[in-house]
Amino acid sequence: MPGFLFEGGGYRHQELLELVEDLGGSVLQTRTIGTEVTITFFVPQEDVGVVEDLVRDLQGKLKRLPLMGSEIAVVSPTITRHHLPHPLCDVAEYLRREGAKTNMIGLARGPGQRTCQLGVEERKLIEEHDAAVFVLGNFEHCLKEYKWKLFKDLSVPVIVTGGPELPSLPYAFSYISGMGRLPYRTRTFTEIGKLDEVARAVEKALEERRKKISLDPPLLSPLVLKGEIENRLEEIRKCGAPLPVTPRLKGVRVKLPYSRFAGVLREMEVAGYRLGEIAEIRRSLMRDYILVDLLPLSRLELSPKGVRAISGGMEV
Amino acid sequence: MSEKVFVESLDPSYQYGYGVLMLKVIAEHALSELSLGGALEELRILVDMRKPLVAVRALLGPPLPPIRVMDCARVQEAADGIHVVLLDEGQAPFLAKLLREKFGGSLEQLDRWEVVVPAGAMPAKELERLVVSHPQERMGERIMDALERVIPVGFRVRYAEREGNSLLILASENPIPDGWVEEVKEALRKPPSPIPPEKMEGIRRKVEAAEILPKFKEGAMPWRL
């Protein structure tokens with residue numbers, strides 16, 4: 001299902017929300033600021049025309065967000081002034097405008113040649129995301145000979161940006177040049193074009209992951225799960241975090257403390273099944289949040305009496 | 001303005017590589033952001049990423065004189081004492097600290113800008129000559145900040161040498177042998193070689209010309225449009 005952003009007046013915006021619901025889509029977020037409303041939502045591909053007609057009628061703006069429904073890690077070798085804020089913030093902000101939920105991660109031992117390495121916790125944290133963008137430096141020798149150590153063992157697709165022109169980098173899904181260590185913000189058309197290249201590479205990586213998931217899909221969509229959790233858990237409404245239930249390709253991230261709510265989520269009934277039976281619920285390395293990974297059908301044993309996970313790993 | 005920043009590669013196979021050219025842009029930005037254009041006479045950066053080694057040699061400009069009370073405030077003698085009126089707000093914390101140390105609780109503050117030193121505490125001429133701050137000390141911190149921004153963050157093993165107005169820093173992530181220091185000094189004895197402008201094409205940011213709307217053009221009267 002493609003994602004969209006609606007921007008327009010608050011008047012009659014309820015009609016759009018109702019239409020998305022009727023079409024079997026899902027509303028990700030609704031923000032009302034003054035008289036303006038911003039709505040992010042998914043609708044099935046075949047019904048996009050109906051939505052476009054309504055938006056035209058409401059005199060609003062509709063933008064397609066190709067990265068919506070994904071969570072991307074934007075990784076920097078350190079959090080020093082050498083690597084932050086430009087261009088890391090620019091990459092993260094551009095991906096956000098394309099619909100992704102981005103988290104910026106600074107590594108503890110990312111800089112240097114011989115000394116650069118990725119810790120076990122850092123690897124697990126990055127692997128909680130759907131894809132990772134590594135924003136690296138300007139020296140060809142460092143990139144080609146050493147920096148691949150940082151993303152060699154990652155199981156998620158890695159898009160690397162760096163300064164010099166290189167055809168590719170080992171272990172990277174894609175390499176984008178011209179976006180290495182910059183001392184200024186990206187403002188010109190050429191620079192913004194580079195950000196767009198990064199977004200397109202991420203889109204391609206996500207598309208491939210989606211294809212792989214569709215070969216052995218989970219019992220229900222992460223978007224349906226997100227809606228169910230939001231409807232049933234009262235505390236979600238009191239949660240101050242942005243996007244308290246963040247959809248990912250294989251599940252959702254629930255921004256509530258694991259110790260209090262993991263049990264509640266396990267016992268929650270979703271689409272006639274206990275969530276603990278059809279998903280792996282584990283503690284996130286990010287702020288004690290909860291990760292819900294929907295199990296693929298091949299790992300579930302469905303029977304008239306209920307459902308059972310075939311292999312272990314339901315509780316971690 | 002003559003060129004101040006020179007970046008050279010010690011590795012002949014990587015003379016005008018992207019990293020070398022970009023390091024020049026980064027160094028120029030660091031100097032500009034920290035307003036160090038006048039404080040440095042020359043900044044030479046030597047790079048060899050295969051060792052790995054980055055050497056930075058800064059030639060410091062003439063030392064800045066200390067700032068006295070007469071440089072940042074107006075001193076007026078009156079019947080109730082000596083009035084000190086602050087003119088340069090940037091010196092306010094240093095002047096306030098100095099006056100508090102010298103005269104303690106006997107000071108009277110009239111407003112944000114003006115204090116009265118009790119009559120007879122010190123002659124006005126002597127008060128005018130008191131040193132408020134040493135810009136050279138603060139400049140040193142800024143110069144070190146600029147050099148830190150140029151040196152890659154992973155290069156934590158350092159060798160530093162100060163001689164007259166020259167400051168040399170070698171940085172690497174491996175122990176620095178004496179041979180490297182000699183090699184860098186030998187390279188620094190040669191005159192700096194500037195990067196040809198055509199090599200910087202496509203590296204330096206080029207801002208596309210934007211069309212200026214008629215109402216913002218010089219001489220336009222937007223309120224009449």
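**Exercise 1. Which residue stands opposite Val84(B) in S8(B)? Use the answer to work out the sheet around that strand.**

Step 1. Val84(B) stands opposite Val115(B) in S8(B). Keep in mind that this is a predicted model.

Step 2. Widen the view from that residue pair to the strands. Strand S6 (residues 81-86) of chain B runs antiparallel to S8(B), and four bridges join the two. Another pair to look up is Ile82(B), whose bridge partner in S8(B) is Val117(B).

Step 3. Now check strand S7 (residues 108-109) of chain B. S7(B) and S8(B) pair over two bridges, again in the antiparallel sense. Here Glu108(B) stands opposite Val116(B) in S8(B). The link from S7(B) to S8(B) is a hairpin that runs through four residues.

Step 4. Put the strands in order. The sheet is open and has four strands, ordered S5-S6-S8-S7 (chain B), with antiparallel pairing. Strand S5 (73-78) and S7 of chain B are the edge strands, since each pairs on one side only.

**Exercise 2. Which residues of S8(B) lie on the covered face, and which on the uncovered one?**

Step 1. Strand S8 spans residues 114-117 of chain B. Sort its residues by face: Val115(B) and Val117(B) are on the covered one, while Glu114(B) and Val116(B) are on the uncovered one.

Step 2. Match the faces with the bridge partners. On the covered face, Val115(B) has Val84(B) opposite, and Val117(B) is the bridge partner of Ile82(B). On the uncovered face, Val116(B) has Glu108(B) opposite.

**Exercise 3. How far apart should the ends of helix H3 (residues 92-103) of chain B be, and how far apart are they?**

Step 1. Count the residues: there are twelve in H3(B).

Step 2. Apply the rise of 1.5 Å a residue, which gives an expected span of 16 Å. Watch the count here: the rise is multiplied by one less than the number of residues.

Step 3. Compare with the model. The end C-alpha atoms are 16 Å apart, so the expectation and the model agree.

Step 4. Look just past the helix. Gly104(B) follows H3(B), and its phi is positive, near 55°.

**Exercise 4. Is Ile143(B) buried or exposed? Then find what surrounds it.**

Step 1. Locate the residue: Ile143(B) is found in helix H5 (residues 135-150) of chain B.

Step 2. Count its neighbours. There are 20 other C-beta atoms within 10 Å of Ile143(B). The cut-off for a buried residue is 20 or more, so Ile143(B) is buried.

Step 3. List the contacts, leaving out residues up to four places away in sequence: Ile143(B) touches Leu36(B), Ala39(B), Leu40(B) and Ala58(B).

Step 4. Try one more distance. Leu167(B) is 24 residues away from Ile143(B) along the chain, and their C-alpha atoms are separated by 10.0 Å.

**Exercise 5. Why can strand S11 (residues 166-172) of chain B be called largely enclosed?**

Step 1. Five of the seven residues of S11(B) are buried, so the rest of the structure largely encloses the strand.

Step 2. Find its partners. Strand S3 (residues 53-60) of chain B pairs with S11(B) over six bridges, antiparallel. Strand S10 (residues 157-163) of chain B is joined to S11(B) by seven bridges, also antiparallel.

Step 3. Take Ile169(B) in S11(B) as a reference point. Val56(B) stands opposite Ile169(B), and Ile169(B) is also the bridge partner of Ala160(B).

Step 4. Inspect the turn. S10(B) and S11(B) form a hairpin with two residues between them, and Gly164(B) in that turn has a positive phi of about 60°.

**Exercise 6. How many residues of chain B are in contact with chain A? Finish with the two chains as wholes.**

Step 1. On the chain B side, 18 residues are in contact, and they meet 23 residues of chain A. Helix H1 (residues 18-33) of chain B gives the largest share of the chain B side, six residues. By class, that side has nine nonpolar, four polar and five charged residues.

Step 2. Test chain A against the globule rule. For 316 residues a compact globule would have a radius of gyration near 20 Å, and the 21 Å of chain A agrees with that.

Step 3. Split chain B into its domains: domain 1 (5-63 + 136-200) and domain 2 (67-133). Their centres, taken over C-alpha atoms, are 42 Å apart.

Conventions:
Residues numbered from 1 in each chain as written. Chains lettered and ligands numbered in written order. Predicted model: local features only at pLDDT ≥ 70, side-chain atom pairs only at ≥ 80, totals over all residues. Contact = placed C-beta atoms within 7 Å. Nonpolar A, V, L, I, M, F, W, Y, C, P; charged D, E, K, R; others polar. Rg over C-alpha atoms; globule rule 2.2 N^0.38 Å. Domains from an automatic or database assignment. Buried ≥ 20, exposed ≤ 12 C-beta atoms within 10 Å, placed from the backbone. Pairing = 2+ DSSP bridges.
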